[in-house]
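Colleague: I would like to go through the labels on this model and hear the reasoning behind each.
Modeller: Go ahead.

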Amino acid sequence: GVWRNHALILLDDITEKMRLIEEARSVQRHLANLVEHAHDLIISTDAEGKIISWNPALERTSGYASDHVRGRMLFDLFEESQRDEVIGTLRRLQARNVVSDQELDLKTRGGQRVRIAWSFSPICDEKAHVTACVAIGRDLSERRALEMQLFQSAKLAALGVMAGGIA
């Protein structure tokens, strides 16, 4: 027989794929930038509560670098007396519930306790299975200090009114 040489050339225009990849990278950079520069404290964990990452605001507040806590359990960061409460929160997250405004005492590297108001949210995959959790916290120490100043001011004002009444 006669052999004939044939060539089959397939062309695939990857312009659209490359555009989508670059768009995804841009969104990823944007989100990373938000977390990096947020004033709120942000922790991400796996579904069981093992710490994956946390942001610089949490490093400043706690005194712990992200590398130091990665792999530790979330409940290890809080007061021993609050451990069961954190475990309960993790169970609610595994059941796909959001937990808002939960006040817990963060243990710092220096041994101090910082009161934080936390909001916890589950992160689910396309099959609605919880794959991770995110916690966002707001340091309440500044608010508590302002509340004490207001309380002291109110006491002084009441004392002034009483002194005026006596005079």
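Colleague: Why is the sulfur of C124 not counted as bonded to the closest cysteine sulfur?
Modeller: This is a predicted model, and in it the closest cysteine sulfur to that of C124 belongs to C133, at 8.6 Å. A disulfide needs the two sulfur atoms within 2.5 Å, so 8.6 Å is too far for a bond. Seen from C133, the closest cysteine sulfur is that of C124. The count of disulfides is zero.

Colleague: What makes C133 buried or exposed?
Modeller: Its relative accessible area is 2%. Buried means under 20%, so C133 is buried.

Colleague: Why is C124 called partly exposed?
Modeller: C124 has a relative accessibility of 36%. The label covers values between 20% and 50%, therefore C124 counts as partly exposed.

Colleague: How do you know that β4 and β5 pair?
Modeller: Nine bridges join the two strands, which run antiparallel. At least two bridges are required, so β4 and β5 count as paired. C124 stands opposite V130 in β5. The two strands form a hairpin with five residues between them, and A128 in the turn has a positive phi of about 65°.

Colleague: What makes β3 and β4 a pair?
Modeller: Strand β3, residues 99-107, and strand β4, residues 113-124, share seven bridges in the antiparallel sense. With a minimum of two, they therefore pair. E103 has A117 as its bridge partner in β4. This hairpin also has five residues between its strands, with G111 in the turn at a positive phi of about 90°.

Key:
Residues are numbered from 1 along each chain as its sequence is written. This is a predicted model: local features need pLDDT of at least 70, side-chain atom pairs count only at pLDDT 80 or more; totals for chains, interfaces and linings use all residues. Side-chain values use heavy atoms; hydrogens and water are left out. Helices (H or I, at least four residues) and strands (E, at least two) are DSSP runs, numbered from the N terminus. Buried means under 20% relative accessible area, exposed over 50%, partly exposed in between (1.4 Å probe, protein chains only).
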